[in-house]
Amino acid sequence: MVAALNSGLRRVHAWVLYAAAPFPVLWIYYLGLTGQLGVDPAKVIEHQLGLWSLWLIIAGLAVTPLRRFAGVNLLKFRRAIGVITFFYLLAHLLTWLVLDVQFQNVWADIVKRWYITVGMLAFVLMVPLALTSNNWSLRKLGTDTWRKLHKLVYPIAILGALHFLLLVKGFQWEPILYALVILGLLATRIRELPWASRSTPARG
Amino acid sequence: MAFRWKNTLTSDDVTPYAAYLNRRQLMAGAAAGAIAGAMPMASRAQDALEPNTWEEITSYNNYYEFGTGKDDPARNAHRLTIDPWTVRIDGLVDKPGDYSFADILSQMTVEERIYRFRCVEAWSMVIPWNGFELADLLDWVGVQSSARYVAFETAMRPEEMPGLASPVLDWPYVEGLRLDEAMHPLTMMATGIYGRDIPKQNGAPMRLVVPWKYGFKSIKSIVRISLVEEEPPASWNVTNPREYGFYSNVNPNVDHPRWSQATERRIGGGLFAKRQPTLMFNGYEEDVASLYDGMDLSEFI
């Protein structure tokens with residue numbers, strides 16, 4: 001089964017993901033523009049894009065454990081997942097900036113509101129990853145440096161989970177479940193930390 | 001005494017606009033009286049007071065007993081049994097007892113009040129409520145002189161309210177007002193919207209409406225009203241006192257720790273609705289500011 005899945009996946013080009021990625025964003029904006037997202041469409045879009053970003057981060061983090069524990073090889077899609085995550089985060093951020101807060105008190109919000117501070121930090125950390133998600137950067141930086149740099153996705157994922165936890169009112173399960181999934185995926189990597197022994201060939 | 005709160009605007013005050021203001025907007029304009037005195041009447045201020053649609057008011061609700069999503073109450077609240085409905089009125093009152101909603105209603109004069117409604121989450125609506133003044137109810141049961149606060153409690157029925165399964169708040173939902181706030185002519189018990197019975201997701205059969213406070217103070221589906229001596233607990237205040245004060249008066253100058261309260265998003269403006277400035281006491285400053293004379297409103301949040 002896994003072998004069939006892997007051989008099927010081999011025939012799918014990563015560009016398929018890039019090509020498909022804009023459609024959910026366009027679709028939700030279309031629904032918002034045509035009044036199909038209820039009475040507060042800006043908030044719905046903002047929250048949905050944030051949630052999708054979190055899904056994408058989880059998808060990216062799942063690639064390595066899927067390969068190690070299930071034998072499913074999605075490695076060639078990981079760069080696309082990462083780059084798409086960045087653009088979803090950007091769309092989430094722009095929706096917040098333009099449609100929600102409308103450029104009012106933006107700096108005060110970033111400094112004073114913890115969940116915004118945390119979310120913004122995650123986005124900023126994501127920028128170097130997006131910029132170096134190409135073969136030229138990989139060669140230029142060297143594999144080891146590039147790998148170390150891209151481990152920034154771990155704190156980014158934690159910040160993303162924290163962002164969600166901090167913004168809800170009262171005790172709610174949903175952000176806690178996301179945080180647990182992210183922590184679980186990170187836990188599968190503990191023996192891959194730089195100071196641990198590198199006995200397994202599959203890193204990243 | 002019903003009809004204590006009157007529109008301070010007359011058609012003369014809004015002459016250029018009177019032609020296309022219907023009675024409804026005119027009544028809502030009362031709250032804009034303060035603005036009218038201070039600055040030239042802006043058409044935007046009047047536009048802002050056009051009531052939200054029935055659809056908007058009844059599909060976008062915070063009623064965590066039915067779920068934390070804005071559309072959960074509209075989807076789940078049909079399970080709530082509101083007939084029969086009994087309200088226990090107790091504590092420092094002359095005529096304590098279990099009153100049926102029908103009995104209460106038979107004693108009260110229902111009128112229409114168009115109020116701004118400002119949620120602590122920085123969105124707002126304008127809602128044409130039907131209901132009676134809380135003061136009338138309190139007068140009817142006789143408030144004793146030692147009473148200083150009024151405590152309210154929402155129904156707690158796990159079999160009808162799926163949200164109760166989640167420990168978002170310490171159920172049942174409770175709220176409180178100082179007695180002078182409760183007796184204020186603006187404070188009402190809403191039993192309808194747009195002349196129809198109030199929908200379950202909006203707090204049927206009877207809910208509090210305190211228009212100068214953040215929406216969560218306006219407790220829904222009330223089953224108990226107690227006159228007490230000490231400040232009663234209020235659910236959000238108990239959960240997070242730093243973010244939700246007992247008073248929770250709408251105040252654009254005091255931010256919620258996690259977001260600014262200076263502006264608000266008017267529901268119903270579509271995807272590109274422009275944020276509007278939030279008014280002190282939600283536009284009812286002239287009516288209620290004196291209740292808080294001498295209080296530091298950045299301390300008594």
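User: Which residues have the most contacts inside the largest nonpolar core?

Analyst: In this predicted model, the largest nonpolar core has 80 residues, and B:Trp129, B:Phe152 and B:Ile225 have the most contacts inside it. Strand E4(B) gives the most to this core, with 5 residues. Another core, of 34 residues, lies apart from it and includes A:Leu93, A:Ile116, A:Leu159 and A:Leu185.

User: What makes a set of residues a nonpolar core?

Analyst: The residues must be buried, of a listed nonpolar or aromatic type such as Leu, Ile, Phe or Trp, and joined through side-chain atoms within 4.5 Å. The set of 80 residues is the largest to which the term is applied here.

User: Which residues is B:Phe152 in contact with, leaving aside its neighbours within four places in sequence?

Analyst: The partners of B:Phe152 include B:Leu134, B:Tyr173, B:Val174, B:Met189, B:Leu208 and B:Ile225. Each of these counts as a contact because heavy atoms lie within 4.5 Å.

User: Why is strand E7 of chain B described as largely enclosed by the rest of the structure?

Analyst: The criterion for a buried residue is a relative accessible area under 20%. In E7(B), residues 188-193, 6 of the 6 residues are buried, so the strand is largely enclosed.

User: How do you know that E7(B) pairs with strand E4 of chain B, and in which sense do they run?

Analyst: A pairing requires at least two bridges. E4(B), residues 123-133, is joined to E7(B) by 5 bridges, and the two run antiparallel. One bridge sets B:Glu133 against B:Met188. The number of bridges exceeds the required two, so the strands count as paired.

User: How many bridges join E7(B) to strand E8 of chain B, and over how many does E7(B) pair with strand E9 of chain B?

Analyst: E7(B) and E9(B), residues 207-209, pair in the antiparallel sense over 3 bridges, and B:Met189 has B:Leu208 as its bridge partner there. E8(B), residues 196-197, is joined to E7(B) by 2 bridges, also antiparallel, with B:Gly192 bridged to B:Asp197. At least two bridges are needed for a pair, so 2 bridges satisfy the rule for E7(B) and E8(B). In the hairpin that these two strands form, there are 2 residues between the strands, and B:Tyr194 takes a positive phi near 55°.

User: How many aromatic pairs are there over all chains, and why is the pair of B:Tyr60 and B:Trp123 given its class?

Analyst: The count comes to 21 aromatic pairs over all chains. For B:Tyr60 and B:Trp123, the ring centres are 4.9 Å apart and the planes stand at 80°, so the pair is edge-to-face. The two residues are 63 residues apart: B:Tyr60 is in the loop between helices H5 and H6 of chain B, and B:Trp123 is in strand E4 of chain B. B:Tyr60 has a relative accessible area of 9% and is buried; B:Trp123, at 4%, is buried as well.

User: What makes B:Phe216 and B:Tyr244 an aromatic pair, and of which class?

Analyst: The centres must lie within 6.5 Å, and planes over 60 degrees apart count as edge-to-face. The rings of B:Phe216 and B:Tyr244 have centres 5.5 Å apart and planes at 85°, so the pair is edge-to-face. B:Phe216 lies in the loop between E9 and E10 of chain B and B:Tyr244 in the loop between H10 and E11 of chain B, so the pair ties together parts 28 residues apart in sequence. Their relative accessible areas are 10% for B:Phe216 and 2% for B:Tyr244, and against the 20% cut-off both are therefore buried. Ring pairs also link B:Tyr149, B:Phe246, B:Tyr247, B:Phe281, B:Tyr292 and B:Phe300 into a cluster.

User: What is recorded for residues 50-160 of chain A, and how much helix and strand does the chain have there?

Analyst: An unreviewed UniProt entry annotates this span as "domain: Ferric oxidoreductase". Over the span the chain is 83% helix and 0% strand, with its end C-alpha atoms 9 Å apart. The record also places six-part "transmembrane region" annotation on chain A, including residues 50-69 and 114-131. Residues 50-69 are 100% helix with ends 28 Å apart, and residues 114-131 are 100% helix with ends 26 Å apart.

User: Where in chain A does pLDDT stay under 50?

Analyst: It does so over residues 195-199, for which the model has 4 contacts beyond four places in sequence. Where pLDDT is low, the predicted coordinates should not be read in detail. For chain A the mean pLDDT is 91, and 94% of its residues reach 70 or more.

Notes:
Residues are numbered from 1 along each chain as its sequence is written. Chains are lettered from A and ligands numbered from 1 in the order in which they are written. Side-chain values use heavy atoms; hydrogens and water are left out. UniProt positions are given in the numbering used here, feature names are shortened, and annotations may be inferred rather than shown by experiment. Helices (H or I, at least four residues) and strands (E, at least two) are DSSP runs, numbered from the N terminus. pLDDT is the predictor's confidence in each residue, from 0 to 100. Buried means under 20% relative accessible area, exposed over 50%, partly exposed in between (1.4 Å probe, protein chains only). Rings of Phe, Tyr and Trp (its six-membered ring) pair if their centres lie within 6.5 Å; planes under 30 degrees apart count as stacked, over 60 as edge-to-face and the rest as tilted.
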